[in-house]
Amino acid sequence: MLKYVIFLLVIVFSFNACSVTYPKNDITQSLEKLVKKECNQDSKAYLVGRTLYLDIELDGITSSDDKTVLQAIRKINFDLAVFAAVRVVLSSDSDIKYIVVTTYNFYKNIAFRVVHNIDDIKSCFYMRISRSDFSSRELLESEIEEPPLTAANMIEDRHDIADQEYVGRLIASQINMLLESDVNLVQIPRLQYVAVENETLIFSVSDIVDGTSIYLVRNILLEKTKDYSKKYNISFKGIKVIAFGGKPATID
């Protein structure tokens, strides 16, 4: 998806850098029309503060295999939907900072979401950050990976994303992708961002974590928090991990 988005962004910047194609007062309606035109999909857009949400319901998903379903969601016009949202924001006079694109199917109770920071997209285009750095800033979330959530919970949670929250969710997303891709770490429970309280990042795990896993999770969390705090110039006083439901865990 990265190469596709960057290629199309070059076109957007080249032709729309100095024009306002989508006025901020009509941005949600404009995005819905563009998604219908480019993706042939009905959608619903919402603007909450500086965060633009785009929700697309997908029908006809029949597989019972989680990985197959997730791959299908990612392929069915998802790249075009993300690009449409970025295109509208970059060609408007709005001050939107985050775009959130979610595809879902309530019947199967599945949802897949990508969140982009508009500043990151601009920085990549103007070569202030590398493509690999931009890829490391991709925030992906799914109901499949986060079993305490439901598709409805994910869709209904629309709020203006704060900068500290974005970094916390990004850290959880990147660690989950790392755990999924490393055969030595695949058994470690996935993380879920909970909140930032008193400048402390709070995450949760849904399963019991043994001593070895705790050590690995702690080290990975510390490394990623340090890395992303530097990337976004945001500092945190500490990290806390709790068990799902609020029970204390042994990482603190």
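A salt bridge here is a side-chain nitrogen of Lys or Arg within 4 Å of a carboxyl oxygen of Asp or Glu, and by that criterion a search of the whole structure, which is a predicted model, finds 10 of them.

Select D55 and R158 to begin, whose side chains meet in a salt bridge with N to O at 3.0 Å. Because D55 belongs to strand β2 (residues 51-57) while R158 sits in the loop between α7 (151-156) and α8, the pair ties together parts that are 103 residues apart in sequence. Colouring by accessibility, you will find D55 buried at 4% relative accessibility, whereas R158 is partly exposed, with a relative accessible area of 27%.

Move next to R169, which forms a salt bridge with E141, their closest N and O atoms lying 2.9 Å apart. R169 is in helix α8 and E141 in strand β5 (residues 139-142), so this pair ties together parts that are 28 residues apart in sequence. Keep R169 selected and add E165, since the side chains of these two also meet in a salt bridge (2.8 Å, N to O), and they are 4 residues apart in helix α8, about one helical turn. R169 and E141 are buried, and E165 is buried as well.

Now show helix α8 (residues 163-181) as a ribbon: the helix lies across β6 and β7, running at about 160° to β6. Beneath this view, select the open sheet of 3 strands, ordered β6-β7-β8 with mixed pairing. β6 (191-197) and β8 (238-243) stand at the edges with a single partner strand each, so one side of each has no neighbour in the sheet. Within the sheet, β6 and β7 (residues 200-205) pair in the antiparallel sense over 6 bridges, and Y193 stands opposite F203 in β7.

Finish by selecting D120, D133, R137 and K231, which are linked in a network of salt bridges.

Notes
Residues numbered from 1 in each chain as written. Predicted model: local features only at pLDDT ≥ 70, side-chain atom pairs only at ≥ 80, totals over all residues. Heavy atoms only, no water. Pairing = 2+ DSSP bridges. Helix = DSSP H or I, 4+ residues; strand = E, 2+ residues; numbered from the N terminus. Contact = heavy atoms within 4.5 Å. Axes fitted to C-alpha atoms, helices over the stretch in contact; angles between N-to-C directions. Buried < 20%, exposed > 50% of the residue type's maximum accessible area, 1.4 Å probe, protein only.
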